[in-house]
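Reader: Hey, got a minute to walk me through this fold? I'd like to start with the sheets and then move to the helices.

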Amino acid sequence: MEKYVIKGGNPLVGEVEIGGAKNAALAILAAATMTDETVYIDNMPDESDTNAMLQAIASTGAFVERTGRHSVKINASQIHNYTIEDYIKKIRASYYLLGALLGKYKQAGVVLPSGCNIGLRPIDQHIKGFTALGAKVNIEHGIIDARAQALVGSHIYLDVVSVGATINIMMAASMAEGKTIIENAAKEPHVVDFANFLNSMGANIKGAGTDVIRIKGVERLHGTEYTIIPDQIEAGTFMLAAAATKGDITIKNVIPKHLESISAKLIEMGCQIHESDDAVRVVATRRLQNTHVKTLPYPGYPTDMQPQITVALGLASGISIVTESIFENRFKYVDELTRMGASIKVEGSTAIIEGVDKYTGAVVSAPDLRAGAALVIAALTAEGYSTIEDIKYIERGYEDFDQKLRDLGAIIEKVDDDKEIQKFKLKNA
Ligand code: EPZ
């Protein structure tokens with residue numbers, strides 16, 4: 001099992017290039033099956049989640065060709081399998097194939113999604129949306145099946161702001177008869193990017209990025225060429241890595257507007273932020289100051305950036321409070337961080353953090369994607385050596401994470417076994 005071994009203590013300095021947004025890519029890849037014409041997608045991140053989605057799409061009978069590391073060509077005219085069980089068991093976004101195939105073929109089945117274990121993660125709002133459009137949805141033998149004689153536009157009020165439900169309903173409604181209105185819609189950058197993609201295929205979606213999305217169904221969608229937006233969370237992770245290691249990183253190929261809630265917190269914590277058109281530089285020269293953070297749907301502070309800021313606040317002066325309001329089980333990494341010397345008490349959805357002077361290296365395990373990245377940041381600041389196990393979670397959503405960190409001066413290697421860890425320690429003694 002691959003692990004990262006890290007020697008901490010180096011401030012991260014330099015430039016890093018951000019890739020395409022994983023959570024936009026997953027939805028966009030699924031929606032590429034909604035036309036018989038060819039779709040070309042660029043700036044696609046090469047990560048295990050996006051690769052699993054591509055395999056799942058190929059298993060439907062669609063033609064999938066990687067034309068480069070970050071570009072793919074999909075032609076779905078030969079789809080013959082509408083129930084997908086392979087490749088996507090572990091990826092949450094498998095449910096996007098439900099919206100896509102239901103929209104185009106009026107029938108779809110996927111294994112019930114699991115994904116990162118960060119909470120209950122119900123899909124009732126997806127089902128509510130599909131049902132409102134006229135589909136019958138059944139769950140049997142671990143498969144969620146949706147089918148309809150015809151889909152008809154509807155007025156849907158989401159009970160909770162859900163990225164997945166908003167995107168899934170947009171897909172199905174795009175090929176329904178008549179108009180659909182989604183109220184209390186999610187406004188995340190990848191929701192907007194997804195709507196732009198579908199519109200480039202001939203869909204008629206207005207209002208993405210606001211609470212109310214209006215969709216006029218069309219009979220058919222056509223081929224397109226599309227470039228995915230930069231990954232807000234990958235960028236944010238490097239911003240927090242700069243802050244926690246007292247470094248100076250210029251994060252390139254980003255949309256600074258998408259990072260505002262993170263920049264605002266870093267300024268409160270005493271970092272300097274310099275924005276240009278498509279880059280953000282984070283400079284941290286002194287000990288971070290405490291602050292309070294509450295995760296919220298966009299434009300609030302993202303839940304996917306909660307573990308990373310908790311790690312940084314664990315080193316800040318004073319007491320900080322972090323409240324997780326999206327997923328109820330997203331503090332599991334705190335036990336691991338405590339073994340590195342953090343002083344954090346979790347009560348329900350709140351973490352009370354008493355900043356310590358330093359972390360110390362330890363063997364820890366990544367409980368999920370973002371928490372795994374956060375533990376890497378902690379290890380980069382820590383005194384001595386750390387081993388991060390279960391990096392398969394990190395590789396779901398960060399491309400070349402270790403290489404990008406090495407380019408910023410981090411001492412980190414991906415290793416297979418204890419022998420290689422010993423070698424690393426000797427080399428970096
Ligand atoms: C997306 O998950 C992302 N995943 C998550 O990123 C991200 O954490 C999350 O949005 C919030 O921003 C993908 O895009 C593939 P939600 P999603 O539906 O769509 C509740 C990462 O690390 N809810 O917006 O599954 C739900 O329990 C991952 O990259 C319902 O109650 O999240 C949660 O409390 C992890 N019923 C809240 O809504 C539903 O039917 C928001 O969830 C759907 C959701």
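Author: Here is a short tour of some strands and helices.
Author: This is a predicted model, so to speak of local features we need pLDDT of at least 70, side-chain atom pairs count only at pLDDT 80 or more, and totals for chains, interfaces and linings use all residues. Residues are numbered from 1 along each chain as its sequence is written, and side-chain values use heavy atoms, with hydrogens and water left out.

Reader: Cool. What is the strand order in the open sheet of four strands?
Author: The order is β4-β5-β3-β14, with mixed pairing. Helices (H or I, at least four residues) and strands (E, at least two) are DSSP runs numbered from the N terminus, and two strands pair if DSSP finds at least two bridges between them.

Reader: And which strands stand at the edges?
Author: β4 (63-68) and β14 (224-227); each has a single partner strand, so one side of each lacks a neighbour in the sheet. The twist averages 15° from one strand to the next. For angles, axes are lines fitted to C-alpha atoms, for helices over the stretch in contact, and values run from 0 to 180 degrees between N-to-C directions.

Reader: How many bridges link β4 and β5?
Author: Five, in the antiparallel sense, with β5 spanning residues 71-75. Val-64 stands opposite Ile-74 in β5.

Reader: Which helix packs on the sheet at β4 and β5?
Author: That's α2 (residues 48-58), and its direction makes about 145° with that of β4. Contact here means heavy atoms within 4.5 Å. Helix α6 (residues 189-200) lies across β3 (38-42) and β14, at about 160° to β14.

Reader: Switching to α4: which residues are buried there?
Author: In α4 (residues 124-132), Gln-125, His-126, Gly-129 and Phe-130 are buried, meaning under 20% relative accessible area with a 1.4 Å probe, protein chains only.

Reader: Why are they on the same side of α4?
Author: Because they cover an arc of only 135° around the axis, taken from the directions from the helix axis to the C-beta atoms. They pack against α3 (95-105), β8 (136-140), β10 (155-157) and α5 (163-174). Just after α4, Gly-134 has a positive phi of about 105°.

Reader: Last one: what does β23 pair with?
Author: β1 (residues 3-7) pairs antiparallel with β23 (residues 385-389) over four bridges, and Lys-7 has Tyr-385 as its bridge partner. β22 (residues 363-365) runs parallel to β23, joined by three bridges.

Methods: Buried means under 20% relative accessible area, exposed over 50%, partly exposed in between (1.4 Å probe, protein chains only).
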